[in-house]
Amino acid sequence: MLTWASLRESAPGRLRPCANAECRLFLLDRSRANTARWCSMATCGNRLKARRHYRKTRTQPS
């Protein structure tokens, strides 16, 4: 609990929940622009991008 509090003080705005609604993890955003969204690009990020791509290609008329 002390680590969590020290992170909130030392890096405000950098500690946030993963953007994947099914994920319960948090991420510590170390990107320069403070725009990281997922706890792991290999798991959560890839899954959400694949779903979005599938939806987009499926709903477009051929």
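**C18**

I started with the contacts of C18 in this predicted model. Leaving out residues up to four places away in sequence, I found C18 touching C23, L25, F26, L27, R37, W38, C39 and C44. Next I checked where C18 sits: the loop between β1 and β2. Buried or exposed, I wondered about C18? C18 comes out at 8% relative accessibility, so I put it down as buried, the cut-off being under 20%. I also looked up a C-alpha to C-alpha distance: C18 and S40 lie 8.5 Å apart in space, with their positions 22 residues apart in sequence.

**N20**

I stayed in the loop between β1 (15–17) and β2, where N20 is found too. Which residues does N20 touch, if I skip those up to four places away in sequence? I got W38, C44 and L48. W38 and C44 were already on my list for C18. The relative accessible area of N20 is 4%, so I have N20 as buried as well.

**R37**

R37 was one of the C18 contacts, and I followed it up. I located R37 in the loop between β2 (26–28) and α2 (41–59). R37 has a relative accessible area of 44%, and I noted it as partly exposed because that value falls between the 20% and 50% cut-offs.

**Positive patch**

Last, I asked which residues form the positive surface patch. My entry reads R37, K49, R52, R55 and K56. At 44%, R37 clears the 30% accessibility that patch members need to exceed. For R37, then, I have two notes side by side: R37 touches the buried C18, and R37 belongs to the positive surface patch.

How values were computed
Residues numbered from 1 in each chain as written. Predicted model: local features only at pLDDT ≥ 70, side-chain atom pairs only at ≥ 80, totals over all residues. Heavy atoms only, no water. Patch = residues over 30% accessible without salt bridge, like charges linked within 9 Å, V, L, I, M, F, W, Y side chains within 5 Å. Areas by Shrake-Rupley, 256 points an atom, 1.4 Å probe, with all protein chains shown as cover. Salt bridge = Lys/Arg side-chain N within 4 Å of Asp/Glu carboxyl O. Lys, Arg positive; Asp, Glu negative; His and termini not counted. Charge placed at Lys NZ, Arg CZ, Asp CG, Glu CD. Helix = DSSP H or I, 4+ residues; strand = E, 2+ residues; numbered from the N terminus. Buried < 20%, exposed > 50% of the residue type's maximum accessible area, 1.4 Å probe, protein only. Contact = heavy atoms within 4.5 Å.
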